[in-house]
Each structure stands twice: as C-alpha cells, then as structure tokens.
Amino acid sequence: MKDFFAGIQELFETVLFVPYNVLREVELENWWLANLVTWVFLVILVVSFTYWMLQLKSFNDNNEEDKSISSHSYL
C-alpha cells in the first residue's frame with residue numbers, strides 16, 4: 001500500500017506539478033511571463049462574456065423569451 005501512495009506522489013512531483021514549478025522559477029526573472037496564464041484567462045473571460053451578452057441581446061431582440069408576469073402554480 002505504501003508503494004501505491006509513493007507512486008501517486010511521484011506522479012504529482014514529476015508530471016502534474018511541472019507547470020507550477022516552471023511558473024515559480026520564472027516569477028523571479030520576468031513578472032509578465034509568470035502572469036501570462038492570468039492574462040490568458042482574463043482574455044478568455046472577456047471574450048466569453050461579450051459573446052454571452054450578444055447572444056442574450058439577439059434573443060431579446062427576437063422576442064423569443066416569455067416575459068409574462070406570473071407566479072408559480074402552487075402559490
């Protein structure tokens with residue numbers, strides 16, 4: 001059983017945490033390169049949000065949503 005957990009530890013140390021180790025080493029040399037992942041995620045977020053808002057606007061312009069004011073049937 002000890003070998004099983006040692007194998008999991010080896011997997012994380014040699015394969016799965018390598019990108020984090022690289023980012024940690026690069027941070028001391030270049031702040032912009034170390035934060036590239038954050039900038040990429042921010043760009044993806046802005047593009048996704050813009051697409052989502054444009055889709056909502058198109059549905060709103062086509063009057064595809066039921067906007068009638070009504071309560072639930074059990075109220």
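## Fold along the sequence

Read from one end of the sequence to the other, the protein chain of this predicted model follows the pattern α-α-α-α, and its count of elements is four helices and zero strands. The radius of gyration of the protein chain is 24 Å, well over the 11 Å that the globule rule gives for 75 residues, so the chain is more spread out than a compact globule.

Taken along the principal axes, the box filled by the C-alpha atoms of the protein chain is roughly 60 × 40 × 20 Å.

## Burial, surface and charge

Of the 75 residues in the protein chain, buried residues make up 3%. The area that the protein chain exposes is about 7400 Å², and carbon and sulfur atoms supply 66% of that area.

As for charge, the protein chain carries 10 negative and 4 positive side chains, and the centres of these two sets lie 4 Å apart.

## A nonpolar patch

On the surface there is a nonpolar patch formed by Met1, Phe4, Phe5, Ile8, Leu11, Phe12, Val15, Leu16, Phe17 and Tyr20, which together have about 1000 Å² of accessible area. Helix H1, which covers residues 2-16, gives the most to this nonpolar patch, with seven residues.

Leu11, one of the residues of the patch, has its place in helix H1. Leu11 has a relative accessibility of 41%, and because partly exposed residues are those between the buried limit of under 20% and the exposed limit of over 50%, Leu11 counts as partly exposed.

Conventions:
Residues numbered from 1 in each chain as written. Predicted model: local features only at pLDDT ≥ 70, side-chain atom pairs only at ≥ 80, totals over all residues. Heavy atoms only, no water. Helix = DSSP H or I, 4+ residues; strand = E, 2+ residues; numbered from the N terminus. Rg over C-alpha atoms; globule rule 2.2 N^0.38 Å. Buried < 20%, exposed > 50% of the residue type's maximum accessible area, 1.4 Å probe, protein only. Areas by Shrake-Rupley, 256 points an atom, 1.4 Å probe, with all protein chains shown as cover. Lys, Arg positive; Asp, Glu negative; His and termini not counted. Charge placed at Lys NZ, Arg CZ, Asp CG, Glu CD. Patch = residues over 30% accessible without salt bridge, like charges linked within 9 Å, V, L, I, M, F, W, Y side chains within 5 Å. Salt bridge = Lys/Arg side-chain N within 4 Å of Asp/Glu carboxyl O.
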